[in-house]
Amino acid sequence: MVSVQQWTGREASALRAALRMSTRAFAEHLGVALRTVAKWESLGTETQPRPDTQAILDTALARADAAAQARFENFLYPDRKSTRPADYETWTEDIERAVVCISRQNFPFATTLLNRWLGRLDPHQLDHKGLYLYGRSLVLLGDVQRDQGAILGPLSARHSYLTARGMFTELDIPRRVAQIELSLAVVQEMSGRLQPSARQYEVLADDERLSLRDRARARLWVGTALSKDGDNEYATRVMTAATRAFEDLGEPEDWSVAHQKLALAHRGAGDLTQALHHIDIARTTGTVDSPMQRVRLDTAYGHILLSDAATRNDGLSVLDQAAQVARQYGLSHQLRSIEGIRKGQQG
């Protein structure tokens, strides 16, 4: 609902018109004199109701039904592209559908659902509810861009996340802001800035704005970044602590993913026995309904097999399968990772 900071005759006349009342009926509705309403109609912005009448007008607007409130807003702001409660319901449904599409890596349809709103609405003309939905849509668009490997530039995950962070900061929703900061750290890691991303993960791992699960994930990702940077010993300790946290929290999927990350850290440290032990746990307990998770799991498994001359051919076969799925679903970042593993082995 649009709010009025200072009523003038213009806003009062717009409310009368929105309520579809005559001047006499409007005066009776408010409990003011007919000449007062006539004065508002004739003088517009040049007259202001008394403070007690301002409060009466506030109450009348608040008690108006949704259709009258929409008409009131249209009378005051005819050029504004506003959204209605019904639009918000549809928008929320599209966001929920986009979440499902992203989980299945159906990026084209997810993008279509999100751009239905992002492409036609001006966030500066939205109320708090609309701004919240706009920010949520931007975060999901950032997730799509991130998973497709578009991490830097004007049409990238980083840009979408930064814009959404500004919105949730304005709305004063610290949890959402912290979650976006976690996503920005992921983008930083993906862009190769491993030490800065590890430091940011460590900060967020103790950030009380985040849920215990998100803090455990941040702790796990400290290890991921450091493992990529070659610090596998410390990475293994951090990941082990995160794995225990997931077990305590009753998060089986995160627990399984943690074993996958641990396997790669042990591979980096040269302990293939432990690497195979942890990747077997991940492959046995993890679900592969998501193409993304299937690619990640197969990439990790192939990388470990490739590290042993006796299983090198098996490793190449597993990586080929992972690359095929990554290519099918447009997982560009994962595809580049697979190519990097192959080149590293050739070198």
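**Exercise 1. Classify R209 and find its salt-bridge partners.**

Step 1. R209 has a relative accessible area of 31%, so it is partly exposed. The classes are buried (under 20% relative accessible area), exposed (over 50%) and partly exposed in between, with a 1.4 Å probe and protein chains only.

Step 2. This is a predicted model, in which local features need pLDDT of at least 70 and side-chain atom pairs count only at pLDDT 80 or more, while totals for chains, interfaces and linings use all residues. Residues are numbered from 1 along each chain as its sequence is written, and side-chain values use heavy atoms, without hydrogens and water.

Step 3. Apply the salt-bridge test: a side-chain nitrogen of Lys or Arg within 4 Å of a carboxyl oxygen of Asp or Glu. R209 meets D207 at 2.6 Å, N to O. R209 also meets E181, at 2.7 Å.

Step 4. Check the partners. D207 is buried, at 13%. E181 is buried too, at 16% relative accessibility.

Step 5. Place the E181 pair. E181 lies in helix α10 (residues 174–190), and R209 in the loop between α11 (194–205) and α12 (212–228), so the pair ties together parts 28 residues apart in sequence. Helices here are DSSP runs (H or I, at least four residues), and strands are E runs of at least two, numbered from the N terminus.

**Exercise 2. Which face of α4 is buried?**

Step 1. Helix α4 spans residues 51–63 and reaches 19 Å from first C-alpha to last, close to the expected 18 Å. That expected span is 1.5 Å times one less than the number of residues.

Step 2. List the buried residues: T53, Q54, L57, A60 and L61. Seen down the axis, they fall within an arc of 120°, so they line one face of α4. The arc uses directions from the helix axis to the C-beta atoms.

Step 3. Turn to the face away from the buried side. There α4 carries the exposed residues P51 and R63.

**Exercise 3. Describe two aromatic pairs.**

Step 1. Rings of Phe, Tyr and Trp (its six-membered ring) pair if their centres lie within 6.5 Å; planes under 30 degrees apart are stacked, over 60 edge-to-face, the rest tilted. The whole structure has six aromatic pairs.

Step 2. W7 and F72 are tilted, at 5.9 Å and 35°. Both W7 and F72 are buried.

Step 3. W91 and W117 have centres 5.0 Å apart and planes at 10°, so this pair is stacked. W91 and W117 are both buried. With Y134, they form one aromatic cluster.
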